Amino acid sequence: MHGESRCVRCGPVAPLHVPEHIDAEIVASVVERVAAEGGPERPALPLWCPWPLPAGWTVTGVAWAGDEAGGVRATAVACAGPAPLGGGPAELVLVAEEPGVGLGTRFAGLAGPDPGPELTEVLAGPGPGPGHPEHVEPARIRVGGHPTPLWLVNSATDRSAYAGEARGMWLHAIAWPASAGHLLAEDVVLHDLTEWTPPELVFGAPSPYLHGGA
């Protein structure tokens with residue numbers, strides 16, 4: 001018997017809490033729960049959300065990982081809308097997490113606690129710079145007002161996954177289908193909902209990926 005939540009592959013994990021529905025009141029309750037963890041020694045985790053939302057996109061879920069003993073250790077926000085290259089709907093899940101949690105890699109369809117080895121391989125990979133045939137440029141978005149690179153990392157074939165760092169924490173962006181990752185090539189700005197939640201947020205049907213479909 002174990003006193004903590006466990007994954008059969010990874011061992012002890014922070015339990016994931018996903019509200020069944022999504023609306024302004026639920027977002028407010030999760031914001032309150034996450035913000036309550038903040039303090040001078042341990043800042044609260046951000047709830048990153050594209051704002052303004054891309055045209056036709058809605059917020060489809062929020063979640064947090066942790067327990068009473070360890071507190072909130074990861075957050076997730078899901079959004080959905082028309083795929084940037086056409087061809088139907090797309091979904092994007094944004095994860096902020098402390099090192100060693102593994103929520104972002106779970107949504108990417110991989111094992112392991114964080115993307116550190118993946119990013120080391122990407123940054124040390126072939127190609128001296130732009131112009132080299134194997135050089136890969138990062139997606140460049142704005143996070144909390146700051147330009148932030150996100151690097152393409154390995155993922156299951158039905159999705160694309162990007163990883164980087166913001167506010168000293170891992171930042172993951174996982175998109176379905178894989179081609180929806182092109183959304184990050186657009187002028188995407190991420191805003192922390194714990195600082196201010198726009199009253200104009202539009203909500204859609206609950207994300208299947210937050211509810212076990214990833």
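A residue is called buried here when its relative accessible area is under 20%. By that criterion, buried residues account for 43% of the 214 residues in this chain. I should state at once that the model before you is a predicted one.

Let me begin with the chain as a whole. Four helices and twelve strands make up its secondary structure elements. Of the contacts between residues at least 6 apart in sequence, 60% link residues at least 24 apart. The exposed area of the chain is about 10,600 Å², and 56% of that area comes from carbon and sulfur atoms.

I turn next to confidence. The mean pLDDT for the chain is 87, and 88% of the residues reach a score of at least 70. Among the elements, strand 4 has the highest mean, at 98, while strand 1, residues 6–7, has the lowest, at 44. Throughout residues 1–8 the pLDDT is below 50, and this stretch makes nine contacts in the model beyond near neighbours in sequence. A further stretch, residues 128–135, also stays under 50, with eight contacts beyond four places in sequence.

Two residues deserve individual attention. The first topic is Glu91, in strand 7, which spans residues 89–97. Which side chain of opposite charge is nearest to Glu91? That side chain is Arg159, 12 Å away; Glu91 is buried and has no salt bridge. A salt bridge would require a side-chain nitrogen of Lys or Arg within 4 Å of a carboxyl oxygen, so the distance of 12 Å to Arg159 does not qualify. The side chain of Glu91 does have a polar partner: a polar contact of 2.9 Å connects it to the side chain of Thr60. Beyond four places in sequence, the residues in contact with Glu91 include Trp57, Thr60, Cys79, Trp176 and Tyr209.

The other residue is Leu45, located in the loop that runs between helix 1, residues 24–35, and strand 4, residues 48–50. Is Leu45 buried or exposed? Leu45 counts as buried because its relative accessible area is 2%, against a cut-off of under 20%. Leu45 and Arg73 are 28 residues apart along the chain, yet their C-alpha atoms are separated by 7.3 Å. Arg73 is also one of the residues that Leu45 touches beyond four places in sequence; among the others are Val34, Val72, Ala96, Met169 and Thr194.

To close, I return to the two sites. Glu91 is a buried residue without a salt bridge, joined to Thr60 by a polar contact. Leu45 is a buried residue that lies in a loop.

How values were computed:
Residues are numbered from 1 along each chain as its sequence is written. This is a predicted model: local features need pLDDT of at least 70, side-chain atom pairs count only at pLDDT 80 or more; totals for chains, interfaces and linings use all residues. Side-chain values use heavy atoms; hydrogens and water are left out. Helices (H or I, at least four residues) and strands (E, at least two) are DSSP runs, numbered from the N terminus. Buried means under 20% relative accessible area, exposed over 50%, partly exposed in between (1.4 Å probe, protein chains only). Lys and Arg count as positive and Asp and Glu as negative; His and the chain ends are not counted. A polar contact is a pair of N or O atoms within 3.5 Å; within protein, one must be able to donate a hydrogen and the other to accept it, and residues adjacent in sequence count only if both atoms are side-chain atoms. Contact means heavy atoms within 4.5 Å. Accessible areas come from the Shrake-Rupley method with a 1.4 Å probe; for residues, only the protein chains shown count as cover. pLDDT is the predictor's confidence in each residue, from 0 to 100.
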